[in-house]
Amino acid sequence: MSAYGPLCTEFYDNDKPFAPADAVEYYAQRAFGAGGRVLEPMCGSGRFLLPLLRSGIEVEGVDDASAMLEACRRHAAKDKLNPVLYKQSIEALALPWRYQMAFVPSITVNALPTMHGICHCTNCKRRTGSAFGISAYFDRATVVSRTGETTVYAFHHAPQNHDQERHFCPKCGTTLFWYVSALPEAIGIAGGCFADDNLPNPTYSVTDKKRETWLTLPSNWKIYPD
Ligand SMILES: [Zn+2]
């Protein structure tokens, strides 16, 4: 992110100096399996890239924030590493190689959602900029990996009297997942954000009294007016 200047970089580095070990391990295994050159788009100051390099993976990074790349080189120098880094925007990549694998940090679950529905509340409409939100709730224990940076928007959701902690992508603003105090075992993941398109159909509609009048739902869905 070119918006990451020196101050942001310093803050980011202090705030998030190390990637979660299980996430690094996950990418390392995938990278060894891919058996070739690996690319990390939006590598930032190298919290994933550097541990992967240290474990012998041929990983290169790209980011369009000079300050982040400089910080990455500084961290690397402490370990006598010399990472291959490109200052480019991911919207216009022009790299000299083809890569066996590229990874952008994300969240991965290994089970079906325990609840999956749509919500028509004002918050969901604003969050998505659309007519409703799609919420797929999973047991938190089924989260296999959660990597990468999110920015948190926390607030009290008065109509349902619970606290919400929403995590969105600091680059594009998309809400990715959230935690709700009323569901302490669950993580909500935005239904439109899955890389796989085989998420089961939603089964209920909540805050249905605020549903757009033009929207008709399947007759077998459960309807909750509030
Ligand atoms: Zn809602």
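In the predicted model, strands E9 and E10 form a hairpin in which four residues lie between the two strands, and Asn-161, placed in the turn, has a positive phi of about 50°. The two strands of this hairpin run antiparallel and are joined by seven bridges, with E10 covering residues 162-168. Within this ladder, Ala-154 has Glu-165 of E10 as its bridge partner. Strand E9 is hardly covered, since the count of buried residues among its seven residues is zero. Tyr-153, which belongs to E9 (residues 151-157), illustrates this setting: with 13 other C-beta atoms within 10 Å, Tyr-153 is partly exposed, because a residue counts as buried when 20 or more such atoms are found. When neighbours within four places in sequence are left aside, the contacts of Tyr-153 are with Arg-166 and Phe-168. Gly-133, which precedes Tyr-153 by 20 residues in sequence, lies 16 Å from it, C-alpha to C-alpha.

The hairpin belongs to an open sheet of eight strands with mixed pairing, ordered E9-E10-E11-E12-E7-E6-E13-E14. The edges of this sheet are occupied by E9 and by strand E14 (222-224), each of which pairs on one side only. From one strand to the next, the twist averages 25°. Elsewhere in the sheet, strand E7 (residues 133-139) and strand E12 (residues 186-190) run antiparallel and are joined by five bridges. One of the residues of E7, Phe-138, has Ile-187 in E12 as its bridge partner. Between strand E13 (204-206) and E14, the loop contains Thr-207, a residue other than glycine whose phi is nevertheless positive, near 55°. Thr-207 is buried, because 21 other C-beta atoms lie within 10 Å, and 20 or more suffice for that class.

A second open sheet consists of four strands in the order E3-E2-E1-E4, with parallel pairing. Strands E3 (85-87) and E4 (101-102) stand at its edges with a single partner strand each, so one side of each is left without a neighbour in the sheet. Strand E1 (residues 38-41) runs parallel to E4 and is joined to it by two bridges, and Leu-39 stands opposite Ala-102 in E4. Helix H4 (residues 66-78) lies across strands E2 (59-63) and E3, and runs at about 165° to E3. The loop between E1 and H3 holds Met-42, which, like Thr-207, is a residue other than glycine with a positive phi near 55°. Met-42 counts as buried because 20 C-beta neighbours are found inside 10 Å.

Nonpolar cores were then examined. In soluble globular proteins, nonpolar side chains tend to be buried together. The largest nonpolar core of the model comprises 24 residues, and those with the most contacts inside it are Tyr-27, Phe-48, Leu-49, Leu-52 and Cys-72. At least two residues of this core are supplied by each of helix H2 (21-34), E1, helix H3 (49-54), E2 and H4. The greatest contribution is that of H4, which gives five residues. For Cys-72, and again leaving aside neighbours within four places in sequence, the contacts are with Cys-43, Ser-45, Gly-46, Leu-49, Gly-61, Pro-83 and Leu-85. Apart from this core lies another, of 14 residues, which includes Phe-138, Phe-177, Ile-187 and Ile-189. Phe-138 and Ile-187 of this other core are also the bridge partners noted above for E7 and E12.

At the level of the whole chain, two domains are assigned, domain 1 (6-102) and domain 2 (107-224). Their centres, taken over C-alpha atoms, are separated by 30 Å. Seven residues of domain 1 are in contact with five residues of domain 2. On the side of domain 1 that touches domain 2, five of the residues are nonpolar and two are charged, whereas none is polar. The protein chain contains five helices and 14 strands in total, and its C-alpha trace spans about 60 × 35 × 35 Å along the principal axes. Of its 226 residues, 30% are buried. Among contacts with a separation of 6 or more, 57% are accounted for by residues 24 or more positions apart.

How values were computed: Residues numbered from 1 in each chain as written. Predicted model: local features only at pLDDT ≥ 70, side-chain atom pairs only at ≥ 80, totals over all residues. Domains from an automatic or database assignment. Contact = placed C-beta atoms within 7 Å. Nonpolar A, V, L, I, M, F, W, Y, C, P; charged D, E, K, R; others polar. Buried ≥ 20, exposed ≤ 12 C-beta atoms within 10 Å, placed from the backbone. Pairing = 2+ DSSP bridges. Axes fitted to C-alpha atoms, helices over the stretch in contact; angles between N-to-C directions. Core = buried A, V, L, I, M, F, W, Y, C linked by C-beta atoms within 7 Å.
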